[in-house]
Amino acid sequence: MKTKSIRPFQDLQFTDDFVFSHVLTSNPDLCKEITEAILDLKVKEIVHISKQPEVRPNRNGKGVRFDVYFEDDESVYEIEMQTSNQDNLKLRSRYYQSMIDRKILRRGNKYRELRKSYVIFICTFDLFGKSLGKYTFKNYCQENKDIELGDGAVKVFVNAFGDGSSLSDDMQDLMGFVATGKPKGRLSKKIYSEMEVVKMSPELEEVYMTFEEKMDEKYEEGRAEGRAEERQSNIKKMLKKMSVDDIVEMGFSFEDIKLAEES
């Protein structure tokens, strides 16, 4: 019996990865506007955009799957929608930036070919607890904060529920839409309109349902593996105090006991 239900396609919101990545990649101009609102700078014409590309350092290295990745002539941008407050998010931003650099710089290239890169997390929570609507990080000299390293690496964390009073109207509109799902301003209405286009696509609905069913299967597999690991751990503890026969009488099989002994 499944314990994790698939969310209906028509109920998906902008904060759902599937809709978020499709809205931004299916409309590069809108993606550009959203990025400009967040960074408060002009983004050049997008020359490449992709949804959920996987980047892996090598065959055995830990790979990452970006929500939205795009490039203009001068910079590289990676945007994530983040709805769960995970304690590894700050470290993830560091690793994501390194994966962007690896993607850009091929063997034989010069370091000067590294472009400015932006890693952006749009969050439905306040990661730093200071109530800001946006936290922007660059590398500065600790002894003299007027000295910027100038390595071109920028990380931005948007707090949809933060104070956006000092930010642009488009940025406040975006924050409000992420927080409530209700379009009010110019930008959020454009996003909502694009969402409706995505939801009217039978092909995308089929892709979504197929993907979610596979994720549901993996979820159940993970639960089963977790239960098996817990069972083996308990058997190990019992083996220190009880005989094998006593453990079998409690309902555990000889195979369970053997696996516990070998693990």
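This short talk goes through one cavity and the aromatic rings of the structure above.

Before the details, please keep in mind that this is a predicted model, in which local features need pLDDT of at least 70 and side-chain atom pairs count only at pLDDT 80 or more, while totals for chains, interfaces and linings use all residues. Residues are numbered from 1 along each chain as its sequence is written, and side-chain values use heavy atoms, with hydrogens and water left out.

Let me start with the cavity, by which I mean a set of points on a 1 Å grid over the protein atoms alone where a 1.4 Å probe fits but cannot get out. The structure holds one cavity of 30 Å³ or more, and the volume of the largest cavity, taken as the space filled by probe spheres set on the points, is about 30 Å³. Lining residues, which have an atom within 4 Å of a point, include Cys123, Asp126, Phe128, Tyr135, Phe157 and Asn159. Strand β8, residues 153–159, gives the largest share of this lining, with three residues; strands here are DSSP runs of E with at least two residues, numbered from the N terminus.

One of these lining residues, Cys123, is found in strand β6, and at 1% relative accessibility Cys123 counts as buried, a word that means under 20% relative accessible area, with exposed over 50% and partly exposed in between, using a 1.4 Å probe and protein chains only. Leaving aside residues up to four places away in sequence, Cys123 touches Gln82, Leu89, Val158, Asn159 and Ala160, where contact means heavy atoms within 4.5 Å.

Now to the rings: those of Phe, Tyr and Trp (its six-membered ring) pair if their centres lie within 6.5 Å, and planes under 30 degrees apart count as stacked, over 60 as edge-to-face and the rest as tilted. By this rule the count comes to 15 aromatic pairs. Phe70 and Tyr77 form a stacked pair, at 4.6 Å centre to centre with 10 degrees between the planes, and both Phe70 and Tyr77 are buried.

Phe128 and Phe157, by contrast, meet edge-to-face, at 5.3 Å centre to centre with 80 degrees between the planes. Which parts does this pair tie together? Phe128 lies in the loop between β6 (116–123) and β7 (134–137) and Phe157 in strand β8, so the pair ties together parts that are 29 residues apart in sequence. Phe128 counts as partly exposed at 25% relative accessibility, whereas Phe157, at 4%, counts as buried.

Note on methods. On a 1 Å grid over the protein atoms alone, a cavity is a set of points where a 1.4 Å probe fits but cannot get out, and a pocket is an open set with protein on both sides within 12 Å along at least five of seven lines; lining residues have an atom within 4 Å of a point. Helices (H or I, at least four residues) and strands (E, at least two) are DSSP runs, numbered from the N terminus.
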